[in-house]
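Reader: I would like a close look at a single part of this model, taken slowly and with its surroundings kept in view. Please choose one stretch of one chain and describe it for someone who works at the bench.

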Amino acid sequence: MRKNGPVALAFHTIVILFVLAPLVIVVLVAFTPEETLTLPTRGLSLRWFRAILDYPDFISAFFNSVKLAFASATLALVVALPAGLAIGRARFPGRGFLNALLLSPLVIPGLVLGIAMLRFFALIGVTGSFAWLILAHMVIITPFVMRLVLASVSGMDRSIEHAASSLGASAWTTFRRVTLPMILPGITGGWLLAFINSFDELTMSVFVTSPQTVTLPVRMYMYATESIDPMMASVSALVIFITAGAMLILDRVYGLNRILIGQH
Amino acid sequence: MDSTLRSSEPAATGKSKRTRRAPWHAYLPMWMMSAPALLLFAVLVIVPLAMTLALTFYRFDPAMGPVAAFDLHNYAEVLGSSYFHTIFARTFGIAALVTLLCVVIGTPEAYILSRMGDPWRSIFLLVILAPLLVSVVVRAFGWSMLLNVNGLVNQLLGAFGFGPYKLLYTTFAIVIALVHVMLPFMVIPVWTALQRIDPQTENAALSLMASPAVTLWRIVLPQLVPGILSGSLMVFGLSASAFAIPGLLGGRRLKVAATTVYDQFLSSMNWPLGATIAMLLLVANLVVMLTYYRVLERRYTRSMG
């Protein structure tokens, strides 16, 4: 393999700086001891992290987001796993349509889904309901679960299952003791990816959350359009830390490159 | 349970037409397994989208809200007004520019990454892809701090005696932040295409005395076209409907289609007009993407054939 020349490496350095700059600056500013957003800062302080604790709007939005992400990722898995197994392992009428439908939120903009659900929720009178917000989030994260379930099912050796059933294991026992352990990394990875995507989702949630069910990204968006102070930076830094933590787990469980690029 | 179905499949796909279709009850387990997902998507995707399409034919009454009218006046209003023309032109102009920049930056970067040694290759690939999972609000906020009048970019320019420039709340700010958000969507498919290239094709060209530049242009690049194509489709579609970046970095005056829809829905409360803009955005997006795909695909197959 040929090595990269100096021009290529200079280009690469600029790209990496470009990618990291906005995230690094957020983390740096979050530790400022000053009243306003200024750079460079003198000294480090946690005062703006403490300030979050006195601002209940962010705290409640954070717990809303965690609850929402946990519930919608889990339920999306419950719904998408059987469908993914059926689509990935059998041919049946309606399979192509179902596959396209379940992956469609990747192509339909979140904006369009957001207004569609706002209209729908208003008509059936469930505006501001947390349960329906969970259902809405399930829709947009199902494609991520589906992709990982399909990927792990397609790479599976079916002969082990056949061996189990020929030795007298029932269909359920075969699934629980043979199939499930083999696709478990894909399932866990899919759940985590779904969790992160629900936790980060903004565009659709802007339309379907109410003041009671507002999520952290929506609260942050509202806050940033009105005022910008270092608290925005400390909340953002916390989000970066949480996401980085989730990514580390995801990397251990399934391999981050595998998830993001889709290589198997 | 479906193992019996599979084992009968090779015989079924091959021979006579009469035995090809299994009896309907053989499919029952698969339909039952898919039923919850189908129900969820029927209720929360198909029905709401149909309702939104219907909403575009409503008339907005400030006192009563949306009133059924079943005419096309919303479409006439959006397509006939120069205000909305400007917004759509800005939206698709930004999306096209972002796509171009992502191709120009993402393709060489993926190529450079693919030629790195192993610890660095995985690390930098992760650095480029990981921001994909960080909330877009956080990244928009990061850019607003870099680009504001006292921001790092203006300080840097000031050190060389330039500026300060008004960078925030400009089209420039929207474009640069969108490139930052969309870059992974370009790097991923190009990287995948690079993995499929047989390195011997490059070596063959070099051994036949082609210069590295000619090898890159005539041998490597044509094999990356499918990756660049699918990446740019993704980037264009996502940029045209992007909401958070234009909302936070474009300010109140620089509207794009997505932020206009937001205003119509949550400030003016004119839902029929907002739904019309969103539907037109969806349709325009599909048309542009399909045309682009057709044209490039034809050119690509011709040059290969």
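Author: What follows is a walk through the second domain of chain B, with its surroundings and its partner chain brought in where they touch on it.

The model is a predicted one, and every value below was computed from it. Chain B is divided into domain 1, covering residues 3-55, and domain 2, covering residues 76-304, and the C-alpha centres of these two domains lie 37 Å apart. Domain 2 is the part to be followed here, beginning with a helix pair, going on to the loops and the buried residues, and ending with the contact between the chains.

The pair consists of helix H9, residues 199-207 of chain B, and helix H10, residues 212-240 of chain B, whose axes come within 10 Å and cross at roughly 145 degrees. In this arrangement H9(B) passes H10(B) in a right-handed crossing. On the side of H9(B) the contact is made by Thr201(B), Glu202(B), Ala205(B) and Leu206(B), and these meet Thr215(B), Ile219(B) and Val220(B) of H10(B). Sorted by class, the residues of this contact are four nonpolar, two polar and one charged. As a general point that helps in reading such lists, an α-helix has 3.6 residues a turn, so residues three or four places apart point the same way.

Between H9 and H10 of chain B runs a loop that holds Met209(B), a residue with a positive phi of about 75 degrees although it is not a glycine. Most residues other than glycine have a negative phi. Met209(B) counts as exposed because it has 7 C-beta neighbours inside 10 Å, and the cut-off for that label is 12 or fewer. A positive phi is also found at Met269(B), about 60 degrees and again not at a glycine, and this residue sits in the loop between H12 and helix H13 (271-304) of chain B. Its surroundings are described by another label, because 14 C-beta neighbours inside 10 Å make Met269(B) partly exposed.

Helix H12 of chain B, residues 257-266, is mostly covered, with eight of its 10 residues buried. The buried residues of H12(B) are Ala257(B), Ala258(B), Thr259(B), Thr260(B), Val261(B), Tyr262(B), Gln264(B) and Phe265(B).

Two exposed positions can be set beside that helix. Gly161(B) is placed in the loop between helix H7 (152-159) and helix H8 (171-196) of chain B, and it counts as exposed because it has 6 C-beta neighbours inside 10 Å. From the C-alpha atom of Gly161(B) to that of Leu28(B), 133 residues away along the chain, the separation is 74 Å. Ile123(B) belongs to helix H5, residues 118-129 of chain B, and with 12 C-beta neighbours inside 10 Å this residue, too, counts as exposed. The C-alpha atoms of Ile123(B) and Leu113(B), which are 10 residues apart along the chain, are separated by 9.9 Å.

Turning to the interior, the largest nonpolar core has 165 residues, of which Met117(A) and Ile245(B) touch the most other members. From chain B this core draws at least three residues from each of domain 1 (3-55) and domain 2 (76-304). Leaving aside residues up to four places away in sequence, Ile245(B) touches Val136(B), Ala140(B), Ile174(B), Ala177(B), Leu178(B) and Val181(B).

The partner chain completes the setting. In the contact between the two chains, 76 residues come from chain A and 72 residues from chain B. On the side of chain A that touches chain B, the largest share, 14 residues, comes from helix H1 (residues 6-30) of chain A, and the residues of that side divide into 58 nonpolar, 12 polar and six charged. The secondary structure of chain A comes to 12 helices and zero strands, and its C-alpha trace spans about 70 × 65 × 30 Å along its principal axes. Of the 264 residues of chain A, 46% count as buried, and among its contacts between residues at least 6 apart in sequence, 77% join residues at least 24 apart.

Technical notes. Residues are numbered from 1 along each chain as its sequence is written. Chains are lettered from A and ligands numbered from 1 in the order in which they are written. This is a predicted model: local features need pLDDT of at least 70, side-chain atom pairs count only at pLDDT 80 or more; totals for chains, interfaces and linings use all residues. Domain bounds come from an automatic or database domain assignment. Axes are lines fitted to C-alpha atoms, for helices over the stretch in contact, and angles run from 0 to 180 degrees between N-to-C directions. Helices (H or I, at least four residues) and strands (E, at least two) are DSSP runs, numbered from the N terminus. A crossing is left-handed if the near helix is turned anticlockwise from the far one by less than a right angle, and right-handed if clockwise. Two residues are in contact if their C-beta atoms, placed from the backbone, lie within 7 Å. Ala, Val, Leu, Ile, Met, Phe, Trp, Tyr, Cys and Pro count as nonpolar, Asp, Glu, Lys and Arg as charged, and the others, Gly among them, as polar. A nonpolar core is a set of buried Ala, Val, Leu, Ile, Met, Phe, Trp, Tyr and Cys residues joined through C-beta atoms within 7 Å. A residue is buried if 20 or more other C-beta atoms lie within 10 Å of its own, exposed if 12 or fewer, and partly exposed in between; C-beta atoms are placed from the backbone.
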